[in-house]
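Trainee: Could you take me slowly through one part of this model, starting from a single residue and working outwards to the helices around it?

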Amino acid sequence: MADHRDDAPDAYLELLDQYERLTALGGAQGVLSWDQQVMMPEGGNPARSKQLSVLSGLNHDLMTDDVVADALDDLESADCTDEQAAVVREVERQHVRAERVPRDLVEEISQTSSEALQAWEEARENDDFETFAPYLEELVELKREYAEHIDPDRDPYAVLFEEYEPYIDLETAERVLGRLREELVPLVEEIQASDADLAAPFEGETFDADAQEAFSRDVLDALGYDWERGRLDTSTHPFTAGNQFDTRITTRFSEDEPLDSMMSTVHEFGHAQYNLGLPREEYGTPLGEARDLTVHESQSRLWENHVGRSTAFWERFAPTLREQFPALADATAEDLYEAANQVYPDNLIRVEADELTYHMHIVLRFEIERDLVSGDLDVADVPEVWNEKMDEYLGVRPDTDSEGCLQDIHWSHGNFGYFPTYSLGSVLAAQLYAHAAADIDDLDAKVAAGEFDALREWLGERVHRHGCRYTTPELVEEATGESYTADYFLDYAKSKFGELYDL
């Protein structure tokens, strides 16, 4: 395939040059943000907030510069290749949104988000929602104003949702979430009524955090994490940050709940593998960037759930786990598989939730943030509404806000519209994995043997190498030969948990 820069119009090359600057600047912001959450001393936040705010303003300046506008105008009538047209489409989408938003608002959102992060960490640690509430209220107002600048005639939440998933509309997201709620709630009720007694080898034991980290590193080694381009650290909330040359993941460790760190590590590996699998020669262009959050979350949820919660995975890692933790000396691979797939409707924490009830956690957050942005819910009422919805959807009420509305980091970043992509990504993960399993001979046997190359290569070929060449629906078609659908996920869930719980 010819390079998309070959024989390209001058305006296209000018556009690429400006976008490369944007990418470099965004990467610097990303490293500073990573450092803020992982390494920065506690007292560093006032300076860091200002640094990130200034960089956000500079990024906005570059994206709204006349160079970009003029190049896009010149390219309207140009004869572009498919790759060039994709680059123009992605830059134009970002440019149109950016030029409608004042620079000072961009800087204000960045600075407020940075300050809110520290307030959230303090509030979460001290179980004090009132510490975080003023920042949340300000961020809601700022993001509402942001959406109004972009399109005053549309639902502001729909506008914000497009920041994270621009090519699957909010109506589709609502339909998928509604279907999950409709079909998973009865399944969970059947499971609760089941007499099945699943193994629980981790119960009543404690597991050293250093040993958990050693096991996590063993798992990452086996999965194929490239340590020359990555690292593992701890943070309050697990996350992944970076690009195809430098992608870092974090996790967290609880001595009472080692499965949480194990699954978080595998989840973040999925994100990292996507970043590291993007074409290196396209760094600095949209063709070298990940295709938004539905696809990104599909990669993390695929590795976490379809690999990490499989019988084959535990056949591979049971010996390692038994060696690392004497308390599990008698645990079989089947015991560990059952433990990794226990359904706990009374679990309070999203990132610790089982594969089914997880989606009720997403529905709850989606409904709350949608009402916050629309003005139908006051920030002061968030804790009580959160607790009521937990009771309604999962039959449990948090005792503290730290276990309730303060548990997630996303609102401290002002990321309203992010949460639905977790469920959208889970749905896509099942669709992708089903096709990978059909194409790869004896995939389960390969996983059980610790051979992950074939799956990594399949995902690299079908998803990662394309960057943003395709829209989300186009990429799904390219990868699977069919349209995006929730059928695979629901069939998989009913089959897997039906067998586990003798339904």
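Mentor: Asp442 is exposed, with a relative accessible area of 61%, where exposed means over 50%, buried means under 20% and partly exposed means in between, computed with a 1.4 Å probe on protein chains only. Before going on, keep in mind that this is a predicted model, in which local features need pLDDT of at least 70 and side-chain atom pairs count only at pLDDT 80 or more, while totals for chains, interfaces and linings use all residues. Residues are numbered from 1 along each chain as its sequence is written, and side-chain values use heavy atoms, with hydrogens and water left out.

Asp442 sits in the loop between helix H16 and helix H17 (443-448); the names come from DSSP runs numbered from the N terminus, helices being H or I runs of at least four residues and strands E runs of at least two. Its backbone deserves attention, since the phi of Asp442 is positive, near 50 degrees, in a residue other than glycine. Most residues other than glycine have a negative phi. Asp292, in helix H11 (residues 292-307), also has a positive phi, near 60 degrees, but with 15% relative accessibility Asp292 counts as buried.

From the loop we can step back into H16. H16 and helix H19 (residues 472-480) pack at about 20 degrees with their axes 10 Å apart, the axes being lines fitted to C-alpha atoms, for helices over the stretch in contact, and the angles running from 0 to 180 degrees between N-to-C directions. The two helices are therefore roughly parallel to each other, given that angles under 35 degrees count as roughly parallel, over 145 as roughly antiparallel, 65 to 115 as roughly perpendicular and the rest as oblique. On the H16 side the contact is made by Leu428, Gln431, Leu432 and His435, and on the H19 side by Val476, Ala479 and Thr480, where contact means heavy atoms within 4.5 Å.

H16 (420-439) also belongs to the surroundings of helix H8, whose buried residues pack against H16, helix H7 (156-161), helix H14 (358-374) and helix H20 (487-500). Among the buried residues of H8 are Leu170, Ala173, Val176, Leu180, Leu184 and Ile191. The 24 residues of H8 (residues 170-193) should span 34 Å at 1.5 Å a residue, and its end C-alpha atoms are 34 Å apart, which agrees; the expected span is 1.5 Å times one less than the number of residues. H8 nevertheless bends by about 25 degrees at Leu184, with a proline, Pro186, following within four residues, the bend being the angle between axes fitted to the seven residues ending there and the seven starting there.

Of those partners, H14 has 17 residues that should span 24 Å, and its end C-alpha atoms lie 25 Å apart, which agrees. Because 14 of its 17 residues are buried, H14 is largely enclosed by the rest of the structure. After H14 comes Gly375, whose phi is positive, near 90 degrees.

If we follow the chain beyond H8, we reach Phe207, in the loop between H8 and helix H9 (209-223). Phe207 counts as buried at 1% relative accessibility, and, leaving aside neighbours within four places in sequence, its contacts include Phe202, Glu255, Pro258 and Phe325. Pro258 falls within helix H10 (residues 258-277), whose 20 residues reach 29 Å from first C-alpha to last, close to the 28 Å expected. In H10, 19 of the 20 residues are buried, so the helix is largely enclosed by the rest of the structure.

Beyond H9 comes Gly224, in the loop between H9 and strand E1 (230-234). Gly224 is partly exposed, with a relative accessible area of 28%, and its contacts, again leaving aside neighbours within four places in sequence, are Phe269, Gln273 and Arg456. The C-alpha atoms of Gly224 and Asp453 are separated by 7.7 Å, although these residues are 229 residues apart along the chain. By contrast, Phe207 and Arg291, 84 residues apart along the chain, have C-alpha atoms separated by 37 Å.
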